[in-house]
Amino acid sequence: MLKDITLGQYFPGNSVIHKLDPRIKIILTIFYIVIVFSAKSLASFGVVAILTLALIFVSKISFVTILKSLKPILFIMIFTAVMNIFWTSGENVLFSFWKITVYSEGVRFAILMVLRLVLLISGTFVILTYTTSPVALTDAIERLTKPLSKIGVPTHEFAMMMSIALRFIPTLIEETDKIMCAQKARGADFETGGLIHRAKALVPILIPLFISSFRRADELAAAMECRLYHGGDGRTRLKVLKLEARDYIVSLIFIAILAAVILVNTQFEALI
Amino acid sequence: MEYIIKSEALSFSYDEDGNGKKTVENLDFQIERGSFTAIIGHNGSGKSTIAKLMCGVLEPSSGEIYIDSKSAGRILRVSCDEDIFDVRKTVGMVFQNPDNQLVATVVEEDVAFAPENLGVPSAEIRKKVDSALKAVGLYEYRTHDTHKLSGGQKQRVAIAGILAMSPECVIFDESTAMLDPRGRDDVMKIIKEMRDSLGITVILITHYMNEAALADRIMVVNDGKIILDGSPRNVFEKNEVLSECGLEVPQSTELVRKLYDSGAEITKTVLDTEEAAQAIVDALEKKYKK
């Protein structure tokens with residue numbers, strides 16, 4: 001039952017976006033956020049939208065998945081829209097009703113804000129969450145933060161902890177499943193009763209899970225020592241991340257888009 | 001005899017002050033280079049503790065273990081802090097639970113863990129990983145997720161992870177105990193292969209007698225002491241001593257022994273089912289030819 005939980009939301013694939021260096025992807029995600037926030041007119045949003053659509057198309061991730069990813073922020077989108085429509089004041093009155101006046105600036109602003117949210121979520125998900133495996137992500141974070149280790153930040157240790165946590169999630173899920181079955185066989189009831197009752201019923205699952213996790217940690221530490229683990233110093237890697245032509249090309253495209261957005265912002269603002 | 005592991009007056013206690021009950025008491029033994037030794041004993045006899053002492057996971061309370069390391073080019077001492085890294089490099093260990101010794105989510109990255117820690121250059125790691133995976137027959141699985149493999153396959157990945165370190169001796173601490181019969185057979189086949197074609201010294205900690213029967217030498221441990229030491233045939237012959245420490249010889253051995261005890265003219269000790277069958281055939285032929 002618990003086995004169906006997918007880790008993160010990674011969709012394995014073979015597209016150019018999947019193959020990009022994960023370090024570049026993290027940087028591009030930040031860059032993408034900058035692009036989205038520098039767009040100020042409908043026209044420049046059009047440019048960003050084209051970029052996002054192109055990313056979705058290249059990554060071969062279905063639109064349904066993208067729409068699903070927008071579902072959790074639906075409330076925020078509606079809230080933002082309503083706030084902007086009713087509380088923005090301007091010059092051109094669209095219509096007036098009782099005490100509420102809606103200005104066309106408000107409507108325009110609401111559309112831009114919602115568009116910004118949609119682009120922000122779908123774009124970052126396509127670049128990073130959907131197309132990068134958690135392992136690659138941890139690896140990239142370790143390498144990107146490496147300079148920080150010079151000032152005493154334990155970057156390698158954090159990355160190791162993260163990757164071991166990822167490695168043990170399926171194992172612990174399996175174990176939880178087993179413990180639940182064992183408790184059910186002895187008459188435990190997890191499905192009925194109020195919230196508090198059900199939360200209490202979880203205690204007999206969590207305690208054995210906790211104890212066994214400590215036992216596992218102990219054994220894993222011994223196994224890691226047996227395999228010569230001694231921290232991050234002098235450690236080499238099987239896979240060395242190397243920037244390839246596609247990484248440079250995609251980065252250049254992103255820089256060009258940022259330039260285009262700024263240009264469109266200043267040149268075509270008057271039009272819309 | 002050229003030894004690879006030699007213990008002298010080895011004692012170990014899990015109590016910090018060392019005054020409590022000793023799990024391992026005053027042991028002296030040698031393990032011959034290139035040999036296949038089985039250490040057997042019931043639960044809590046101290047056999048796993050001995051294993052952990054030999055590969056430097058635990059430090060002896062008193063006494064010493066000497067490891068003759070070819071790769072370090074000298075004799076190492078387990079209780080010496082400067083030597084411990086080389087000890088672990090020379091003597092690898094495969095644990096009981098396959099889930100608790102895999103570090104990475106992808107097979108080949110897990111196998112690469114030890115060479116990565118050694119600081120081997122990437123191209124060489126790749127070579128080591130590939131040959132280790134081929135040795136355990138999992139080369140096609142190199143990009144698979146470790147948690148989707150079966151127990152036997154996981155344990156083979158763990159073995160590959162140790163092999164990639166190029167150890168001179170590998171200790172298996174009840175490594176087949178959690179596997180199904182098929183996984184157990186696969187692992188045992190690899191263990192024998194490691195000794196025969198790679199020349200690695202193998203120490204097998206087990207309570208399965210038919211696995212121990214495959215070794216050249218069996219050491220029986222009870223209450224932290226070695227009470228029997230010899231070839232499987234010699235050890236199985238003393239079945240009274242074995243049953244005193246809660247161990248049972250394989251069924252076929254017991255059957256033949258009972259026939260012998262009740263006065264049949266039959267070989268006293270056999271090691272496996274085939275030998276037992278042959279012994280019974282021989283005995284019957286002898287009887288009816290007379």
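A cavity here is a set of grid points where a 1.4 Å probe fits but cannot get out. In this predicted model, the count comes to 3 cavities of 30 Å³ or more, and the largest cavity has a volume of about 250 Å³. Its lining takes in 18 residues, with A:Met160, A:Ser163, A:Arg235, A:Arg237 and B:Glu109 sitting closest to the centre. Both chains chip in: α7 and α9 (155–185) of chain A, along with α4 of chain B, are the elements that give two or more residues to this lining. The top contributor is α9(A), with 6 residues. Sorted by class, the lining of the largest cavity comes out at 7 nonpolar, 4 polar and 7 charged residues.

One of those central residues, A:Arg237, also turns up in a salt bridge. Its side chain meets that of A:Glu142 at 3.5 Å, N to O. This pair ties together distant parts of chain A, with A:Glu142 in helix α7 (residues 134–144), A:Arg237 in the loop between α11 and α12 (245–267), and the two positions 95 residues apart. Pairings of this kind can form because side chains of opposite charge can pair when their charged atoms come close. Over all chains, the tally is 34 salt bridges.

Now for the interface itself. Chain B puts 37 residues in contact with 27 residues of chain A. The area buried between the two chains is about 3000 Å², and carbon and sulfur atoms give 56% of that. On the chain B side, the residues that lose the most area to chain A are B:Asn100, B:Glu116 and B:Asn117, which together make up 21% of what that side buries.

As for polar links across the interface, 16 residue pairs are in polar contact, counting pairs with both residues at pLDDT 80 or more. Salt bridges between chain B and chain A number 6, including one in which the side chains of A:Glu225 and B:Arg88 meet at 3.5 Å, N to O. Several helices of chain B supply at least two residues each to the side that touches chain A, namely α2 (84–90), α3 (107–111), α4 (113–118), α5 (122–135) and α6 (151–163). The largest share, 6 residues, comes from α4(B), a helix that also helps line the largest cavity. By class, the side of chain B that touches chain A splits into 19 nonpolar, 10 polar and 8 charged residues.

That leaves the open spaces. The second largest pocket holds about 470 Å³ of space. It is lined by 21 residues, and those nearest its centre are B:Tyr14, B:Ser48, B:Lys52, B:Gln96 and B:Asp173. Here too, elements of both chains appear, with α11 (203–226) of chain A and α1 (47–54) of chain B giving two or more residues to the lining. The class breakdown for the second largest pocket is 4 nonpolar, 10 polar and 7 charged residues.

Note on methods
Residues numbered from 1 in each chain as written. Chains lettered and ligands numbered in written order. Predicted model: local features only at pLDDT ≥ 70, side-chain atom pairs only at ≥ 80, totals over all residues. Heavy atoms only, no water. Contact = heavy atoms within 4.5 Å. Buried area = accessible area lost by both parts, 1.4 Å probe. Salt bridge = Lys/Arg side-chain N within 4 Å of Asp/Glu carboxyl O. Polar contact = N/O pair within 3.5 Å; in protein donor to acceptor, adjacent residues only side chain to side chain. Helix = DSSP H or I, 4+ residues; strand = E, 2+ residues; numbered from the N terminus. Nonpolar A, V, L, I, M, F, W, Y, C, P; charged D, E, K, R; others polar. 1 Å grid on protein atoms, 1.4 Å probe; cavity = no way out; pocket = protein on both sides within 12 Å on 5 of 7 lines; lining within 4 Å. Points joined across faces, edges and corners; volume = space filled by probe spheres on them.
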